[in-house]
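The following account is a guided reading, to be followed with the sequence and the coordinates at hand. It begins with a single residue, widens to the chain as a whole, and then turns to aromatic rings and to the nucleic acid.

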Amino acid sequence: MLQLQAIREQKDEIIIALKKRNVDATPLLENVISLDDKRRDVQTKLDNTLAESNKLSKEIGMLFKSGKANEATILKERTVTLKEDSRTFQEELNTVAEELQALLYQIPNVPHPSVPAGNTDEDNEEIFREGDIPKLVDGALPHWELAKKYDIIDFELGVKIAGAGFPVYKGKGARLQRALIAYFLDKNTAAGYQEIQVPHLVNEISGYGTGQLPDKEGQMYHVTEDDLYLIPTAEIPITNIFRDTIVNQKDFPITYTGYTPCFRREAGSYGAHVRGLNRLHQFDKVELVRVEHPDNSYAALDGMVEHIKGILRELKLPYRILRLCGGDLGFTSALTFDFEVFSTAQDRWLEISSASNFEAYQTNRLKLRFKDENGKSQLAHTLNGSSLALPRVLAGILENYQTENGIKIPEALVPYCGFDIID
RNA sequence: GGAGAAAUGGCAGAGUGGUCGAAUGCGGCAGUCUUGAAAACUGUUGAGGGUCACACCUCCGGGGGUUCGAAUCCCUCUUUCUCCGCCA
């Protein structure tokens, strides 16, 4: 959520910046400002009424104490109208505050100056590419065929148990999955991230804290009986650890890594481009979350990008990094780098990681602050990145490492798997 | 799931209708003392709104109510603890 103060002071700059998202925020921002004016006005009226009322109450108390009941009774009558007024102002204030809140929820984060203009993923800017695209044997298969051939992932069985998009991993497929999780967590903890295990269901307030609600309501599975949401990403539970907290500046950087399954409804997205592991309702992901001093958040983002690069390099997968354009940028993000692995057999790039700086957008909702040198509370910055989304890494490995004799296991994973080929 | 108890500042813990944003202790910060540190002593120390700065307003788990006045009384929700039941 953008800060009111920023909206008031830099309205025009924000409008121009939001144009990169193809959003004309002019009416929205003007509405916000006029509502905030109104809010202040009503708040002042309410405060004054309450102040007078408080004063009278004190006087009445004193009079009663000194036995002047008659005078007290006279004063009491004066409180009647004050009470009515304060009730009216309070209701008005609640209404205005609610409207204001609803408007603020609709405004996406302001893109970083480096974010390129553009509408779709076509306009994303490739900033880095590394790794050789392997020359595959004739008759190279896409991963869903390989999964069947070697009997390591069973999509039909998942349909039987839960539905489409819930694959069952079997044998070496399951083991490879577990190996990847352990490998990623090891890489992350070696880089200083603290490992953590968090709930896979979250309450509504947590969903608002990180910005999935109300923006992506339909993307999440909702358990109505208990009013809980299945997490679409570990970002929600991990970041919400810090909701309503004032952290110590000395604790920066705060870094966490956690593995969770992720659940996404992906309503309406069916077809050839979501075959196999490309898009699922349930998948595994190891996530990175950082809470940073505002002065350091972009350096931290760069560091996160370098860290993820190191993992892909070690896995020897061909990948590229994109700077997302305004139209493709997530609602809450100021700057996002996507990582894509080249899927040779499918001849397309698959998004496997995404690293974002949310600046103070989430922390403003979370009330996540720190005390600066002057003892003033300031909003911290939050970042996150996937390291990595398992299914597409798996797809990349299966497709790029296939040989006539079977699927080779990347060297770095062999100790985790206990085998070096799937055949 | 049933019965009972509780929820107060970073922590512990007073406060049961009026001057309580809240005693006290610990912790934190600053200072005195010390070569330095510890101890001791002194001061300071919640958050938000509002203001140039004050004033002023709000917050004692959340929401609602009673009252001129609520941390204190009532209702409700949530959470925690104890006992019973059930059960990985």
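In which strand is K285 found? In this predicted model, K285 is found in strand β10, which covers residues 282–292. Its relative accessibility is 5%, and because buried means under 20% relative accessible area, K285 counts as buried. The charged side chain has a partner: a polar contact of 2.6 Å joins the side chain of K285 to that of E287. Beyond the neighbours within four places in sequence, K285 is in contact with residues from several parts of the numbering. Among them are T233 and A234, then G258, Y259 and T260, and, further along the chain, S386, L388, A389 and L390.

One of these contacts, L390, leads to helix α12, which comprises residues 390–400. This helix is mostly covered, with 10 of its 11 residues buried. The buried residues of α12 include L390, P391, V393 and L394, and also E399 and N400.

The wider setting may now be described. Chain A contains 13 helices and 19 strands. Its C-alpha trace spans about 100 × 45 × 45 Å along the principal axes. Of the 423 residues in chain A, 49% are buried. When contacts between residues at least 6 apart in sequence are considered, 73% of them join residues at least 24 apart.

Aromatic pairs offer concrete examples of links across the sequence. How many aromatic pairs does a search of the whole structure find? The search finds nine. In one of them, F128 and Y319, the ring centres are 6.1 Å apart and the planes meet at 40°, so the pair is tilted. The two residues are 191 residues apart: F128 belongs to strand β1 (residues 125–130) and Y319 to strand β11 (residues 319–323). The partners differ in their accessibility class, since F128 is partly exposed at 25% relative accessibility, whereas Y319 is buried with a relative accessible area of 1%.

A second pair is formed by F252 and F370, with ring centres 5.2 Å apart and planes at 80°; the pair is therefore edge-to-face. Here, too, the pair links distant parts of the chain, 118 residues apart. F252 lies in the loop between β8 (245–247) and β9 (254–263), while F370 lies in strand β14 (residues 368–371). Both F252 and F370 are buried.

The surroundings of F128 extend beyond its pairing with Y319. F128, Y319 and F339 form one aromatic cluster. In addition, the charged end of K309 sits over the ring of F128, at 3.8 Å from the ring centre. A comparable arrangement occurs elsewhere, where the charged end of K172 sits over the ring of F419, 4.7 Å from its centre.

Attention now passes to RNA strand B. Which residues come nearest to RNA strand B? Of the 19 residues around the strand, these are D47, N54, S57, R369 and K371. Among the RNA atoms within 4 Å of the protein, 73% belong to sugar or phosphate, and the rest belong to bases. Several side chains approach phosphate oxygens of the strand. A polar side-chain atom of N54 lies 3.1 Å from one such oxygen. For R40, an N or O atom of the side chain is 3.5 Å from a phosphate oxygen, and a polar side-chain atom of S377 is likewise 3.5 Å from a phosphate oxygen.

The elements that give two or more residues to this surface are α3 (26–65), α4 (69–106) and β14. The greatest share comes from α3, with 11 residues. Strand β14 is also the element that holds F370 of the edge-to-face pair. Classified by residue type, the surface near RNA strand B has nine charged, five polar and five nonpolar residues.

A last comparison relates one of the nearest residues to a position in α4. D85 is found in helix α4. With a relative accessible area of 36%, D85 is partly exposed. The C-alpha atoms of D85 and S57 are separated by 16 Å, and the two residues are 28 residues apart along the chain. S57 itself is one of the residues that come nearest to RNA strand B.

Technical notes:
Residues are numbered from 1 along each chain as its sequence is written. Chains are lettered from A and ligands numbered from 1 in the order in which they are written. This is a predicted model: local features need pLDDT of at least 70, side-chain atom pairs count only at pLDDT 80 or more; totals for chains, interfaces and linings use all residues. Side-chain values use heavy atoms; hydrogens and water are left out. Rings of Phe, Tyr and Trp (its six-membered ring) pair if their centres lie within 6.5 Å; planes under 30 degrees apart count as stacked, over 60 as edge-to-face and the rest as tilted. Helices (H or I, at least four residues) and strands (E, at least two) are DSSP runs, numbered from the N terminus. Buried means under 20% relative accessible area, exposed over 50%, partly exposed in between (1.4 Å probe, protein chains only). A charge sits over a ring if NZ of Lys or CZ of Arg is within 6 Å of the ring centre and within 35 degrees of the ring normal. A residue is near a molecule or strand if one of its heavy atoms lies within 4 Å of it. A polar contact is a pair of N or O atoms within 3.5 Å; within protein, one must be able to donate a hydrogen and the other to accept it, and residues adjacent in sequence count only if both atoms are side-chain atoms. Ala, Val, Leu, Ile, Met, Phe, Trp, Tyr, Cys and Pro count as nonpolar, Asp, Glu, Lys and Arg as charged, and the others, Gly among them, as polar. Contact means heavy atoms within 4.5 Å.
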